[in-house]
Amino acid sequence: MTTRRVTTYIAAAVICGLASLSIGHTARASDTALPLPGASPKARLVSRIDTKDRVAFITIDDGRSVTDSMADFIKDNKIPVTSFVLPEWLKKLWEPTYSTFPKMTFENHTNTHRRLGRLSLEKQTRELCEASRLVTKIAGDAPRLFRPPGGVMNNNTLKAAGACGMPYVVKWSVDTAGGVVNPVGARTTLQRGDIILLHYIPQDTAVLKQVMQMMKEAGLKPALLRDYLP
Ligand SMILES: [Zn+2]
């Protein structure tokens with residue numbers, strides 16, 4: 001982490017702390033807690049990675065429960081996974097589960113899984129900064145990536161992510177809702193640079209196995225997003 005990013009993160013965290021302290025006092029005090037426009041660079045939105053490497057990216061969200069079969073499959077195959085886990089579940093399952101994965105990074109998916117599209121910049125910033133603070137406390141490493149719940153976001157989301165020290169907002173190019181691997185656009189196979197969205201739910205153990213098989217057929221290897229979004 002660069003000095004500038006640390007400074008930005010601390011500044012934003014302090015601003016968020018002030019914002020939460022001001023709740024219940026006056027609207028005016030709350031207004032002063034908004035991050036200054038342009039004080040931090042806006043995050044960049046990415047849905048896939050432009051790369052010549054034959055890689056794709058497995059991302060898994062939420063994290064209330066992780067089945068033994070999914071945990072074993074990830075560990076046995078040493079699959080690099082980018083996890084967007086809520087702090088509450090990361091904390092509850094850290095010791096038995098999340099801390100045991102060999103190649104996993106823990107990123108930001110808000111603190112309370114709120115849909116961000118209609119929230120003010122201040123509220124979005126508070127959600128994101130608080131989640132980063134908690135994930136850092138639990139995992140020992142500050143999130144660098146942010147994924148909005150449901151993919152719902154706006155321009156303020158890019159500002160809030162930047163203010164909380166995350167240079168990238170990450171959506172996906174392959175959905176797996178309902179257990180169906182569904183690349184965006186008119187194609188049925190996986191391609192290099194794809195960002196694949198799964199969830200920590202029982203049915204996605206089978207989806208993960210299917211995704212790994214499809215990657216193999218396409219000559220792709222899983223990689224960590226952080227290695228391609230420095
Ligand atoms: Zn989610």
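Reader: I'm new to this one, so let me start with a single residue: where is Asp76 found?

Author: Asp76 is found in helix H3, and I should say at once that the model we are looking at is predicted.

Reader: Is Asp76 buried or exposed?

Author: Asp76 is exposed, because just 8 other C-beta atoms lie within 10 Å of its own, and a residue counts as exposed at 12 or fewer.

Reader: And how far apart are Asp76 and Phe101 in space?

Author: Their C-alpha atoms are 9.8 Å apart, although 25 residues separate Asp76 from Phe101 in the sequence.

Reader: Let me step back for a moment: how many helices and strands does the protein chain have?

Author: The protein chain has seven helices and ten strands. It has 230 residues, of which 42% count as buried.

Reader: What share of the contacts join residues at least 24 apart?

Author: The figure is 71%, taken among contacts between residues at least 6 apart in sequence.

Reader: Back to H3, then: which residues of H3 meet H7?

Author: On the H3 side they are Ser69, Met70 and Phe73, and these meet Asp204, Thr205, Leu208 and Lys209 in H7. By class, this contact of H3 with H7 has three nonpolar, two polar and two charged residues.

Reader: At what angle do the axes of H3 and H7 cross?

Author: The axis of H3, which covers residues 68–76, and that of H7, which covers residues 204–217, cross at roughly 25° and come within 9 Å. At that angle, H3 is roughly parallel to H7.

Reader: What does H7 reach from its first C-alpha to its last?

Author: H7 has 14 residues and reaches 19 Å, which is close to the 20 Å expected at 1.5 Å a residue.

Reader: Which residues in H7 are buried?

Author: The buried residues in H7 are Asp204, Thr205, Val207, Leu208, Val211 and Met215. They lie on the same side of H7, because the arc they cover around the axis is only 160°. On the other side of H7, Gln213, Lys216 and Glu217 are exposed.

Reader: What covers the buried residues of H7?

Author: The cover includes H3, which we have just discussed, together with strand E2 (55–62), strand E9 (195–199) and strand E10 (221–222). Just after H7 comes Gly219, which takes a positive phi of about 70°.

Reader: Since you mention phi, which residue in strand E2 has a positive phi?

Author: That is Asp62, which is found in strand E2 and has a positive phi of about 80° although it is not a glycine. Most residues other than glycine have a negative phi. Asp62 is partly exposed, with 17 other C-beta atoms within 10 Å.

Reader: What about Thr110, where does that residue lie?

Author: Thr110 lies in the loop between strand E4 (104–106) and helix H5 (121–139), and its phi is also a positive value, near 75°. Thr110 counts as buried, because it has 24 C-beta neighbours inside 10 Å and the cut-off for buried is 20 or more.

Reader: Staying in that loop, what does Glu107 touch?

Author: Glu107, which is found in the loop between E4 and H5, touches Thr82, Ser83, Phe84, Pro143, Arg144, Leu145, Phe146 and Arg147, not counting residues up to four places away in sequence. Glu107 is buried, with 26 other C-beta atoms within 10 Å. The C-alpha atoms of Glu107 and Ala142 are separated by 7.7 Å, and the two residues are 35 apart along the chain.

Reader: How many residues does H5 have?

Author: H5 has 19 residues and reaches 26 Å from its first C-alpha to its last, close to the 27 Å expected. Its buried residues include Gln124, Leu128, Cys129, Val135 and Ala139. H5 is followed by Gly140, whose phi is positive, near 80°.

Reader: One last helix: how many of the residues of H6 are buried?

Author: Seven of the nine residues of H6, which covers residues 155–163, are buried, so H6 is largely enclosed by the rest of the structure. The buried residues are Thr157, Leu158, Lys159, Ala160, Ala161, Gly162 and Ala163. Just after H6, Gly165 takes a positive phi of about 85°.

Methods:
Residues are numbered from 1 along each chain as its sequence is written. This is a predicted model: local features need pLDDT of at least 70, side-chain atom pairs count only at pLDDT 80 or more; totals for chains, interfaces and linings use all residues. Helices (H or I, at least four residues) and strands (E, at least two) are DSSP runs, numbered from the N terminus. Two residues are in contact if their C-beta atoms, placed from the backbone, lie within 7 Å. Axes are lines fitted to C-alpha atoms, for helices over the stretch in contact, and angles run from 0 to 180 degrees between N-to-C directions. Angles under 35 degrees count as roughly parallel, over 145 as roughly antiparallel, 65 to 115 as roughly perpendicular and the rest as oblique. Ala, Val, Leu, Ile, Met, Phe, Trp, Tyr, Cys and Pro count as nonpolar, Asp, Glu, Lys and Arg as charged, and the others, Gly among them, as polar. The expected span of a helix is 1.5 Å times one less than its number of residues. The arc is that of the directions from the helix axis to the C-beta atoms.
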